[in-house]
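Here are some exercises to work through with the model open beside you. Try each task yourself before reading its solution.

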Amino acid sequence: MEIRGPLALPARREEIELHTDDGLTLVGELALPESRDPVATLVTLHPLPTAGGFMDSHILRKAAARLPALADLAVLRFNTRGTSSPRGTSEGAFDGGAGERHDVAAAVRFAAERGLPHPWLLGWSFGTELALKYGREHDVEGAILLSPPLHRTSADELAGWAGDPRRLVVVVPEFDDYLRPAEAAERFAAVPEATLVPVEGGKHLWVGESQTRRVLSEIVGVVNPAALPLPTTWDGPVPQD
C-alpha cells in the first residue's frame with residue numbers, strides 16, 4: 001500500500017507524561033521502532049498553540065507514524081504548557097516562549113532518563129524558537145528547524161549558536177509566510193556553521209504528500225542517512241484502530 005496521509009505504520013506507542021521544574025505535568029506520546037532499538041531520537045517541538053499548533057500538527061504526527069518503522073527513530077511528541085490535543089491537555093498556560101523553557105528541559109530529561117540515543121530537537125515554526133532559545137542548554141546532537149519565523153529568537157540567541165559543535169539544520173520553504181530562503185540566509189549568516197536547506201515550492205505548513213515526504217526525508221538525512229531513500233510503499237501489516 002502507498003504510504004501517505006494519516007497511515008500509521010507499526011511501532012511501540014506509549015502515552016507519557018513529562019514533569020517540569022516549575023511543577024507542571026505535560027502530556028505526550030513516545031513512538032519507538034516495533035522490534036528494534038532506535039538509532040536516534042527526535043524530541044519534537046510543535047507550532048504556535050495560539051494558532052492551532054499542538055503535538056498532532058501534521059508533520060510531527062506523520063513523523064511519529066512513519067519514522068519508527070522506516071528509519072528506526074524514536075519520536076517524542078508532547079503538548080507544551082496549556083496546549084490541548086486528543087491525547088489531553090498539558091497543565092499551565094501558554095507563556096509566549098518564556099515558561100516553555102521548562103517544557104523543553106522536561107522533554108530532553110525524559111529522553112535521557114529513558115536512555116533514548118542521540119537526541120535531536122525537531123522544531124516547527126514556534127517550536128524552532130524554543131529550539132534556538134534553549135537548545136544549547138541541553139545535551140542534544142543538534143537541532144532541525146522547519147519553517148523558522150525568527151519572531152521570538154533574539155539576535156544574540158541566534159548568534160550564540162556560532163561556534164557550537166552541534167549541528168543546526170534549517171529547512172526553509174520557498175514560499176514561507178514569515179521567512180523565505182534569501183532572508184533566512186542573511187539572518188543565519190550569524191551562524192556560519194548552520195546548514196540552510198531551501199525547499200523549492202515549499203510553504204510554511206508543508207501541506208500535501210510531496211511536501212511531507214520532502215520534509216521527512218530531510219529530517220532522516222540528518223539523523224539517520226542510511227535509511228534514505230524513504231520507502232513510499234509498505235507491504236507489511238498496519239495497526240488497526
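Before the first exercise, one definition: a helix axis is a line fitted to the C-alpha atoms over the stretch in contact, and the angle between two axes runs from 0 to 180 degrees between their N-to-C directions. Keep in mind that this is a predicted model.

**Exercise 1. Two helices at an angle**

Task: Find how α2 and α3 are oriented to each other, and which residues make their contact.

Solution:
- Step 1. Start with the geometry: α2 and α3 pack at an angle of about 80 degrees, and their axes are 10 Å apart.
- Step 2. Compare with the cut-off: angles of 65 to 115 degrees count as roughly perpendicular. The two helices, α2 and α3, are therefore roughly perpendicular to each other.
- Step 3. Look at who touches whom: E100, R101 and V104 come from α2, while F126, L130 and Y134 come from α3.
- Step 4. Sort them by class: the contact of α2 with α3 has 4 nonpolar, no polar and 2 charged residues.

**Exercise 2. A helix and its surroundings**

Task: Work out how many residues of α3 are buried, and what covers them.

Solution:
- Step 1. Recall the cut-off: buried means under 20% relative accessible area.
- Step 2. Go along the helix: F126, G127, T128, E129, L130, A131, L132, K133 and Y134 of α3 are buried.
- Step 3. Draw the conclusion: 9 of the 9 residues are buried, so α3 is largely enclosed by the rest of the structure.
- Step 4. Find the cover: the elements over these buried residues include β3, α2, β7, β8, α4 and β9.

**Exercise 3. A second helix pair**

Task: Decide how α1 and α6 are oriented to each other, and state the handedness of their crossing.

Solution:
- Step 1. Locate the helices: α1 spans residues 58-71 and α6 spans residues 209-223. They pack at an angle of about 60 degrees, with axes 10 Å apart.
- Step 2. Check the ranges: under 35 degrees is roughly parallel, over 145 roughly antiparallel, 65 to 115 roughly perpendicular, and the rest oblique. So α1 and α6 are oblique to each other.
- Step 3. Add the handedness: the crossing of α1 and α6 is right-handed.
- Step 4. List the partners: on the α1 side are H58, I59, K62, A63, R66, L67 and A71, and on the α6 side are E209, T212, R213, V215, L216 and V220.
- Step 5. Sort by class: the contact of α1 with α6 has 7 nonpolar, 2 polar and 4 charged residues.

**Exercise 4. The setting of a histidine**

Task: Describe where H46 is found and what its side chain has as a polar neighbour.

Solution:
- Step 1. Place the residue: H46 sits in the loop between β3 and α1.
- Step 2. Judge its exposure: with a relative accessible area of 2%, H46 is buried.
- Step 3. Find the polar neighbour: a polar atom of the H46 side chain lies 3.0 Å from the backbone nitrogen of T80.
- Step 4. Widen the view: beyond its neighbours within four places in sequence, H46 is in contact with residues including M55, F78, N79, W124 and F126.

**Exercise 5. A serine in a strand**

Task: Which residue has a side chain in polar contact with that of S85?

Solution:
- Step 1. Place the residue: S85 belongs to strand β5, and at 12% relative accessible area S85 is buried.
- Step 2. Collect the contacts: setting aside neighbours within four places in sequence, S85 touches F54, M55, D56 and N79.
- Step 3. Pick the polar one: the side chains of S85 and N79 are joined by a polar contact of 3.0 Å.
- Step 4. Consider the chain: S85 and M55 are 30 residues apart along it, yet their C-alpha atoms are separated by 7.0 Å.

**Exercise 6. Unusual backbone values**

Task: Explain what stands out in the backbone at H118, at S125 and between L228 and P229.

Solution:
- Step 1. Begin with the general rule: most residues other than glycine have a negative phi, and most peptide bonds are trans.
- Step 2. Check H118: its phi is positive, near 45 degrees. H118 is in the loop between α2 and β7 and is partly exposed at 45%.
- Step 3. Check S125: its phi is positive too, near 55 degrees. S125 is in the loop between β7 and α3 and is buried at 9% relative accessibility.
- Step 4. Check the peptide bond: L228 and P229 are joined by a cis bond, with omega about -5 degrees. P229 lies in the segment after α6.

Methods. Residues are numbered from 1 along each chain as its sequence is written. This is a predicted model: local features need pLDDT of at least 70, side-chain atom pairs count only at pLDDT 80 or more; totals for chains, interfaces and linings use all residues. Side-chain values use heavy atoms; hydrogens and water are left out. Helices (H or I, at least four residues) and strands (E, at least two) are DSSP runs, numbered from the N terminus. A crossing is left-handed if the near helix is turned anticlockwise from the far one by less than a right angle, and right-handed if clockwise. Contact means heavy atoms within 4.5 Å. Ala, Val, Leu, Ile, Met, Phe, Trp, Tyr, Cys and Pro count as nonpolar, Asp, Glu, Lys and Arg as charged, and the others, Gly among them, as polar. Buried means under 20% relative accessible area, exposed over 50%, partly exposed in between (1.4 Å probe, protein chains only). A polar contact is a pair of N or O atoms within 3.5 Å; within protein, one must be able to donate a hydrogen and the other to accept it, and residues adjacent in sequence count only if both atoms are side-chain atoms.
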